[in-house]
Amino acid sequence: MKRLGLWIISRVTPAADRESVAGDTLERYDEIAAANGAGRARRWLWREAGRVVWGAPAHWLAARPARWRQVRRSRSSAMSSIWQDVRYAARWFRRAPGFTAIAVTTLALGIGANTAMFAVVNAVMLKPLPFADADRLMLVHLLAPRPTPDHQGPAEVVWSYPKYETFTELQREFEESALFTGREFSLSGDGDPERVPGEVITASYLSVLGVRPVLGRGFTAEEATRPGLPPVAMLGHGLWTRRYGGDPNVVGRTIRLAGVAHTVVGILPRGFHGLGGNADVWTPLAVSEPDMVDREHAWDSHSYTLVAKRRGDVSADQALAALAVYGPRIDATSRKESNGSSWSATARSLQNSRIDADLRRLSLVVLGAVGFVLLIACVNLTNLLIARSLTRRREVAIRMALGAGRWRIARQLGVESLLLAATGALAGLVVAVGLLHIASIVLPDSSVFFRASIAPGTPRIPGAAGLTRIGATMIGLDGLTLVFTAGLTIFTAVAVSLLPSLQTSVLRPFLVLKAAAATASGRGHGGLGPRAILVGAEIALALVLLASAGLMIKSAMRLYDRPIGVDPANVLTAQISLGERRYTPEVALAFQDELLRRLRRVAGVESAGWGFCAPVGGGCNRTGLWLRDRPGDGQQRLTGVTWASPGFFETMRIPLIAGRFFTDDDRRDRPKVVLVNETAARMYWLGESPVGRRIGVGQGGFSDGAEVVGIVGDVRYSTIEGDPGPFVYLPLSQSHRAGVLLVVRSQLGTGALVSAISREVRDLDPNLPLTTIKTMSDRVGDAMWRTRVASWLLSGFGALALLLTAIGVFGVMAQLVAQRTAEIGIRMALGARRRDVVGLVLGRAVVVTGAGLAAGLAASVAVTRALATLLYEVTPTDPLTLGTVALVLGIVSLAACYVPVRRAIRVEAVTALRSE
Amino acid sequence: MSSTLGEFEQLVLLAVLRLGANAYGATIRREIETRANRELSISAVYTTLQRLEQKGLVRSRMGEPLPERGGRRRKYIDLLPAGAQALKLAYRAFAGMAAGVEQRLRAL
């Protein structure tokens, strides 16, 4: 210990004094040790080390060689002269408060919007995932054969447990793998019953992700795969602190999930919400869904996502190649009749799965758009600075004549623009925080979109903090974002000071001073050349932005008009889970029937029914479909499947094409019946009517066959943009589902309807919560959020660009008129009419605007191609959109000339000449 | 070298004066600690010595390696005439100001 203290003291002491300081310290140590004992001396030594470290900077400064002191003195004189520049610039800004306010506001908006957008992009895709060996984590998917060669639907399919088991026996490329899926649980006991999002997982889920419980243990492989063991569960940190006050004794206690007693065995770290991003409770697969472990019946029940950690010596490509082999072999293990339809498997890194390609592209497009806004702001500022440098010509010329070097002058300009940019950036940070705050109000966390890494500011427990969903409230300004902003500031300063500096560097003091004596009539040095080009460029940039916004708006309008197959107006949807054990299929069915009967009696309710997955919600299952009355055709056709009760189709206004809907007579003891949608009818029966045919369906106990009793209209269950795809409906009365969707069509207001429904539900079962209560119109809105958000953002930036451009055009034209006041006065004195004067000014504006628009149109055609995949039924070069925005921009640009032109025609010849 | 001495510089110079030929880091520090009754670090002493040396008020010379210091040498400090002069001026100023109020100073 003594040696360590001594070592520290010598280390931090400058070389010149190191030896003697160490010796002195040792002497003193021995003195104290002799007088007061070694313990006292050691304590003294540590205090001394602290003091020496504290005093080290001063010591190093005092001990530096004389030569350095010399350099520093000259550098300090350079520093003080830059400081002088800063003070000079600050004084100059104070004298021109209008100019400064406009410049700083422009920059604050530009830099602020960029910072906010970058913060989003950073949170969504740049921050690394907080898992151990995150680069080796992959999501593995099965690839289903396409039902027909021309079918474009997504082919990636999640796993059934038996197929996963087969996969683990085959594969050698992954260290460890796990299944998981999101589920909702009703949690009761210890307070009010509530719905808690959770995940059903296999035992290795935690070790794949490198997450360890903070208390207790994870699940054993037995618990996860052998049905019939005592139920266990793990709690998330949030639920644990919120509901159980962070009591460590919760581990070992019993809680009721879905009405079943589970023993809590572990608490997971704070911030970890599973890969699904919102889980707060975890149960083993075999406990919550024992049927799914059954190799016989669950082979085609694709319900779970597979996450796996690649072995360190296996590349991603090798893993993909191996999966391409395993896929067909897993399929071949199936005992279902198979005529060689080619299933396969693939994988994607977790990092790339965070957001899909479209969202990534959208984020970059919006970031690019906001970059354009900053460019336009820079152009405006450059124009302002050039205008100012014109008025300062005399001052600069005098300084140069007195011996100031061109470098010195350029530095002064640089310092000025850096000061402007830095002030703008500081204000911009405030703007960015404000924008993110507004975003968090407009887009609350309940409807969060991106899956990405943990929220900034949340402490990183090693291996914790999962792929949380991020909402706008979780996006903040972190280190990387601030670095980005600093870079932006420097870029802005350089960009805006470049042209003024160049102009100054070619300044001839002699000519300027001579000209000043004669106050050049006519154009003098005030040629608009570079400024006109800048304004033209500004118009071009604005046009590109407006064109992008226009295309996005048009896409949104097209999407809005797109039929989804149901009539969303006046329909309310709510999720109810009848998952508790006492809800046997018979009891659940009785509950469903009784609730419908009661709701239909409520005044104002037109109709009501039960469904399973909501339209445009993307939550439907897919399963195999077999044509049972076609002997020899064992082909399995991948088909969407959902459930419905009588009343569902009427409530949703889904049209009946042929046959009949489900009726109350389709009971459990009656022959099994199904409905198919138009697409399925067309694809599988090729023009013949499927009504009366027998098909097998891979889920709901319908694999042995059921009769098709009707064809109903197509409904877009996954996305508005996508095709509806083939779908089959099973009757809830013949095939039990625990989680069902209540749909009610009514003229009542949402509030009144919700309370009426809650009252009836409470009457039947006081412990049953309604969840995800949403009007169908809201669901449609949610499904359109991506296009909608993009069109909002781009429109906002477009409007900003339009405003900045108008300011730019106005500034330049006003400058033109001011410079030519004398000329205009002479012309009017010589008999020019107002029309001629208007032509003089406006002609200039028309040329600049026209050139800008032409360049902008050319650039738009090139740039909007990046939008192609985000657009819906609109081509990136849509002539109507481009024409409209060009027209709007042209009008705005010319309108900005109104005040300068009016000023020009009011010029009085006498006043103008007198001012000479 | 007409710049006036800082308070700590005065203390260090007084210590050097008192210690004479035996003035080096450890003794200067002990002198200030016991006489002026203040806790200080060795680096504070050396920082000030560096500054005094640069002003031409003191001079340093290295002694012989000593076994009790682990073979390290001492850096002895000599007071230069300019240092003595500066110290004299500082003392005069202090004594001049204090003259006639010693009683009251003690009573404070």
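Start by selecting chain B and colouring its contacts by sequence separation: among contacts between residues at least 6 apart in sequence, 47% join residues at least 24 apart. Keep in mind as you click around that this is a predicted model.

Stay on chain B and switch to a cartoon. You should find five helices and two strands. Trace the chain from the N terminus and the elements come by in the order α-α-α-β-β-α-α. Now colour by burial: of the 108 residues in chain B, 41% are buried. Put a surface on chain B as well. Its accessible area comes to about 6,300 Å², and carbon and sulfur atoms own 55% of that.

**Next stop: where two helices from the two chains meet**

Select residues 15-36 of chain A, which are helix 2 of that chain, together with residues 25-36 of chain B, which are helix 2 over there. What angle do these two helices pack at? About 50°, with the axes 8 Å apart. The two helices are therefore oblique to each other, since an angle that is neither under 35 degrees, nor over 145, nor 65 to 115 counts as oblique.

Show side chains for the contact. On the chain A helix, pick Asp24(A), Glu27(A), Arg28(A) and Glu31(A). Facing them on the chain B helix are Gly25(B), Ala26(B), Arg29(B), Arg30(B) and Glu33(B). Try colouring this set by residue type: you get seven charged residues, one polar and one nonpolar.

**On to a strand with three partners**

Select residues 260-267 of chain A, which is strand 8. Is strand 8 mostly covered or mostly open? Mostly covered, with six of its eight residues buried.

Now add its partners one by one:

- Strand 7, residues 254-257 of chain A, runs antiparallel to strand 8 and is joined to it by four bridges. Look for Arg256(A), whose bridge partner in strand 8 is Ala261(A). These two strands form a hairpin with two residues between them. Zoom in on the turn and click Ala258(A), which has a positive phi of about 50°.
- Strand 6, residues 232-235 of chain A, is also joined to strand 8 by four bridges, but this pair runs parallel. Here Leu235(A) stands opposite Ile267(A).
- Strand 5, residues 215-216 of chain A, pairs with strand 8 in the antiparallel sense over two bridges. Pick Leu215(A) and you'll see that its bridge partner is Ile267(A).

While the side chains are on, one bit of background: in a regular strand they alternate between the two faces of the sheet.

**Two serines to click**

Which residues does Ser417(A) touch, leaving out those up to four places away in sequence? Go to helix 15, residues 406-442 of chain A, where Ser417(A) sits, and show its surroundings: Leu385(A), Ala493(A), Val496(A) and Ser497(A). Ser417(A) has a relative accessibility of 3%, so it counts as buried, the cut-off being under 20%.

Then jump to helix 24, residues 785-819 of chain A, and select Ser791(A). At 7% relative accessibility, Ser791(A) counts as buried too. Again setting aside residues up to four places away in sequence, Ser791(A) touches Met552(A), Ile553(A) and Ala556(A).

**Last stop: an arginine**

Finish in helix 28, residues 898-905 of chain A, with Arg902(A). Is Arg902(A) buried, exposed or partly exposed? Partly exposed, because its relative accessible area is 35%. Draw a C-alpha to C-alpha distance from Arg902(A) to Arg834(A): the viewer should give 9.9 Å, for a pair that is 68 residues apart in sequence.

Definitions and conventions: Residues numbered from 1 in each chain as written. Chains lettered and ligands numbered in written order. Predicted model: local features only at pLDDT ≥ 70, side-chain atom pairs only at ≥ 80, totals over all residues. Heavy atoms only, no water. Axes fitted to C-alpha atoms, helices over the stretch in contact; angles between N-to-C directions. Contact = heavy atoms within 4.5 Å. Nonpolar A, V, L, I, M, F, W, Y, C, P; charged D, E, K, R; others polar. Buried < 20%, exposed > 50% of the residue type's maximum accessible area, 1.4 Å probe, protein only. Areas by Shrake-Rupley, 256 points an atom, 1.4 Å probe, with all protein chains shown as cover. Pairing = 2+ DSSP bridges.
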